[in-house]
Amino acid sequence: MSSSAFRFAFITDPQLGMNSPSGLRGPGSDKERFDRAIAYVNDNDIAFVVLGGDQINDADNEHTDEELDILEESLAALTVPYYGVAGNHEQLGPGDGCKYLDRGLPVRFSLTHGNLHMIGINGPWLRAGCGDEWHQREWDYLTSQLSQIPAECNHRFIVMHYPLFYQMPISTDDDLGMPNHAKIIDLYEAHGITCVLSGHLHQDMDARWRGISLIASIGTAMSVHYPEEAAFKVITVFEDGWSVRRVAVEDG
Ligand SMILES: [Fe+2]
């Protein structure tokens with residue numbers, strides 16, 4: 001890499017508890033695959049980690065405490081900083097209380113690293129799935145963050161759990177995407193966003209819309225729609241561009 005280039009990892013949908021047939025800590029568990037991603041990060045000169053949401057599978061049932069314990073244990077092994085957004089699986093309705101939030105685990109962030117600025121937002125609120133009031137709060141947060149992007153940052157990334165769309169043609173009836181994608185893409189375009197990183201689909205997506213790269217990553221838990229090896233992304237950021245590659249976390 002050139003002297004100014006760096007790498008970061010985008011790990012989404014570890015969804016601890018989704019695909020652990022021999023127990024949360026057993027062979028073939030979500031923890032095992034998530035820990036492989038973390039070990040890779042520690043061994044490969046990666047500057048930081050961004051979590052894309054659905055860190056655990058169960059927001060509030062008999063498995064939640066152990067899933068959160070495992071999440072915190074696994075993250076504690078990281079030797080680099082981590083940031084993240086929440087997905088739909090770790091949150092209850094706003095105001096209902098939430099064990100994930102109670103532990104101070106990440107929901108939103110913004111960071112600048114070299115010539116990259118990245119804003120992470122709470123996708124379930126932004127897509128208005130929790131009602132108009134919470135949508136407006138997230139929208140206000142997002143617009144205020146967008147207005148603070150340093151002018152010198154030519155790479156401007158958004159991280160949100162839900163992709164803007166999943167179906168073609170792009171439709172407002174997209175259960176897996178953001179029904180309000182038209183309003184959001186207008187805002188991103190106005191602020192020169194260059195890339196949106198998402199999870200939620202449990203499959204890879206590599207699209208481009210209105211000049212913005214829309215990249216969704218399969219999680220480390222499992223594929224849902226078609227066969228694909230569980231993986232995460234390593235993004236290398238150069239002065240004038242960036243590249244994305246997948247790193248598999250399946251055993252053997
Ligand atoms: Fe998920």
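## Ile 235 in strand 10

A residue counts as buried if 20 or more other C-beta atoms lie within 10 Å of its own. In this predicted model, Ile 235 has 22 such atoms within 10 Å, so Ile 235 is buried. Ile 235 belongs to strand 10, which spans residues 231-237.

Which residues does Ile 235 contact beyond its neighbours within four places in sequence? They are Arg 7, Phe 8, Phe 10, Trp 242 and Val 244. Arg 245 is 10 residues from Ile 235 in sequence. In space, the two C-alpha atoms are 6.6 Å apart.

## The open sheet

Strand 10 is part of an open sheet of 5 strands. The order is 3-2-1-10-11, and the pairing is mixed. Strand 3 (82-84) and strand 11 (242-248) stand at the edges. Each has a single partner strand, so one side of each is left without a neighbour in the sheet. From one strand to the next, the twist averages 25°.

Strands of a sheet pair through backbone hydrogen bonds, either parallel or antiparallel. Strand 1 (residues 6-11) and strand 2 (residues 48-51) take the parallel sense, over 4 bridges. Within this pair, Ala 9 stands opposite Val 49 of strand 2.

## Strand 6 and its partners

Strand 6 covers residues 155-160, and 6 of its 6 residues are buried. In a regular strand the side chains alternate between the two faces of the sheet. His 155, Phe 157 and Val 159 point one way from strand 6. Arg 156, Ile 158 and Met 160 point the other way. All of these residues are buried, whichever way they point.

Strand 6 runs parallel to strand 5 (residues 116-121), joined by 6 bridges. Leu 116 stands opposite His 155 of strand 6. Strand 6 also runs parallel to strand 7 (residues 195-198), here with 3 bridges. Val 159 stands opposite Leu 197 of strand 7.

## The nonpolar core

The largest nonpolar core has 58 residues. Those with the most contacts inside this core are Ala 9, Ile 158, Val 159, Met 160 and Val 196. Strand 10 supplies the largest share of the core, 5 residues.

What does Val 159 touch, residues up to four places away in sequence not counted? Its contacts are Val 50, Gly 52, Val 85, Met 118, Gly 120 and Leu 197.

## Helix 6

Helix 6 (residues 181-190) joins strand 6 and strand 7 in a right-handed β-α-β unit. An α-helix has 3.6 residues a turn, so residues three or four places apart point the same way. In helix 6, the residues His 181, Ile 184, Ile 185 and Tyr 188 are buried. They cover an arc of only 95° around the axis, and therefore lie on the same side of helix 6.

What covers these buried residues includes strand 6, strand 7, strand 8 and strand 9 (212-216). The face turned away from the buried side carries the exposed residues Ala 182, Lys 183, Asp 186 and Ala 190. Just after helix 6, Gly 192 takes a positive phi of about 70°.

## Unusual backbone geometry

Most residues other than glycine have a negative phi, and most peptide bonds are trans. Where does this model depart from a trans peptide bond? The bond from Met 168 to Pro 169 is cis, with omega near -5°. Pro 169 sits in the loop between strand 6 and helix 6.

Asp 45 has a positive phi, near 50°, without being a glycine. Asp 45 is in the loop between helix 1 (30-43) and strand 2. His 202 is not a glycine either, and its phi is positive at about 60°. His 202 lies in the loop between strand 7 and strand 8 (205-209).

Buried or exposed: how do Asp 45 and His 202 compare? A residue is exposed if 12 or fewer other C-beta atoms lie within 10 Å. Asp 45 has 10 such atoms, so Asp 45 is exposed. His 202 has 25 C-beta neighbours inside 10 Å, so His 202 counts as buried.

Technical notes:
Residues numbered from 1 in each chain as written. Predicted model: local features only at pLDDT ≥ 70, side-chain atom pairs only at ≥ 80, totals over all residues. Pairing = 2+ DSSP bridges. Helix = DSSP H or I, 4+ residues; strand = E, 2+ residues; numbered from the N terminus. Axes fitted to C-alpha atoms, helices over the stretch in contact; angles between N-to-C directions. Right-handed = clockwise from strand over helix to strand, strands pointing away. Contact = placed C-beta atoms within 7 Å. Core = buried A, V, L, I, M, F, W, Y, C linked by C-beta atoms within 7 Å. Arc of directions from axis to C-beta.
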